[in-house]
Amino acid sequence: MHQQVSRALCRGGTYLLQSSYSGTAVVISSSKLPVYELSRSQTSRSLATAFNKPTRSYTPSSRTPTPPPTKSSEELAQNPYVVHRTPSVQLPVYRRFTSGGNRQVVLIKRVDGDRKKLMEDLIASLGVSKQDVRINPTTQHIELKGDYYDKTKSWLLERGF
């Protein structure tokens, strides 16, 4: 009455046969590996589990988390400019390497308010030359030429952003 329907999935010299009639799966290998029989609940797992494929390991980064803002949003609104945090509560300061990694540009994104005032404050506080700082006319991001990533992040944290 019911026909036994089997599906065969091949990976290298190993085959996984799944039967819809009996609800079991059999792993058959062309080499001298043992044959495994899997139950219906085990067949829903991925082939990686059936073939004992090693899993990827995750190594957490050693970066320290960015501390939260020290000023409230009302206090920050009194400033001529505001640098908003990202959705993951990080500072929007990024590095971009160009010229094959020989040149570094630091980007400050998510700035609201007077960007020129922020640019002048960065020039005065960090000691950046006026030629090395610009506002991108398309994206409105502030770009600093040089390795000012750590200085910029710490300066923004000191200001309460």
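**Exercise 1. Decide whether arginine 159 is buried, partly exposed or exposed, and find what surrounds it.**

Solution. Arginine 159 has a relative accessible area of 32%, and buried means under 20% relative accessible area, exposed over 50%, and partly exposed in between (1.4 Å probe, protein chains only). Arginine 159 is therefore partly exposed. The model is a predicted one, in which local features need pLDDT of at least 70 and side-chain atom pairs count only at pLDDT 80 or more, while totals for chains, interfaces and linings use all residues. Residues are numbered from 1 along each chain as its sequence is written, and side-chain values use heavy atoms, with hydrogens and water left out.

The next step is to place the residue: arginine 159 belongs to the segment after α5, where helices (H or I, at least four residues) and strands (E, at least two) are DSSP runs, numbered from the N terminus. Not counting residues up to four places away in sequence, arginine 159 touches Lys71, Tyr81 and Asp121, a contact being heavy atoms within 4.5 Å. Arginine 159 and threonine 70 are 89 residues apart in sequence, yet their C-alpha atoms are 8.4 Å apart in space.

**Exercise 2. Describe the chain as a whole through its elements and its buried share.**

Solution. Begin with the elements: the chain has five helices and ten strands. Of its 161 residues, 29% count as buried. Then consider the contacts with a separation of 6 or more, of which 47% are accounted for by residues 24 or more positions apart.

**Exercise 3. Work out which residues and elements build the largest nonpolar core.**

Solution. A nonpolar core is a set of buried Ala, Val, Leu, Ile, Met, Phe, Trp, Tyr and Cys residues joined through side-chain atoms within 4.5 Å. The largest one holds 23 residues, and those that touch the most other members are Leu118, Leu122, Leu144 and Phe161. Two or more residues come from each of β5 (81-83), β7 (103-108), α4 (115-126), β10 (142-145) and α5 (149-158), and α4, with five residues, gives the most.

To see one member in detail, take leucine 122, which, leaving aside neighbours within four places in sequence, is in contact with Ile108, Gly127, Val128, Ile142, Leu144 and Trp155.

**Exercise 4. Determine how α4 and α5 are arranged relative to each other.**

Solution. Two packed helices are described by the angle between their axes and the distance between the axes. Here the axes of α4 and α5 come within 11 Å and cross at roughly 110°; such axes are lines fitted to C-alpha atoms, for helices over the stretch in contact, and the angles run from 0 to 180 degrees between N-to-C directions. Angles under 35 degrees count as roughly parallel, over 145 as roughly antiparallel, 65 to 115 as roughly perpendicular and the rest as oblique, and α4 and α5 are therefore roughly perpendicular to each other. On the side of α4 the contact is made by Leu118, Asp121, Leu122, Ser125 and Leu126, and on the side of α5 by Lys151, Thr152 and Trp155.

**Exercise 5. Compile the surroundings of valine 83 and of valine 133.**

Solution. Valine 83 lies in strand β5 and, at 3% relative accessibility, counts as buried. Leaving aside neighbours within four places in sequence, its contacts are Pro92, Ile108, Lys109, Arg110, Val111, Leu118, Leu156 and Phe161. From C-alpha to C-alpha, valine 83 and isoleucine 108 are 8.3 Å apart, with their positions 25 residues apart in sequence.

Valine 133 has its place in strand β9 (residues 133-135) and is buried, with a relative accessible area of 7%. Its contacts, again without neighbours within four places in sequence, are Met119, Ile123, Val128, Ile142, Glu143 and Leu144. The C-alpha atoms of valine 133 and leucine 144, eleven residues apart along the chain, are separated by 4.7 Å.

**Exercise 6. State where arginine 110 and glutamine 140 are found, and what their phi values are.**

Solution. Arginine 110 sits in the loop between β7 and β8 (111-113), where its phi is near 55°, a positive value in a residue other than glycine. At 42% relative accessibility, arginine 110 counts as partly exposed. Glutamine 140, found in the loop between β9 and β10, has a positive phi of about 65° although it is not a glycine, and glutamine 140 is partly exposed, with a relative accessible area of 32%.
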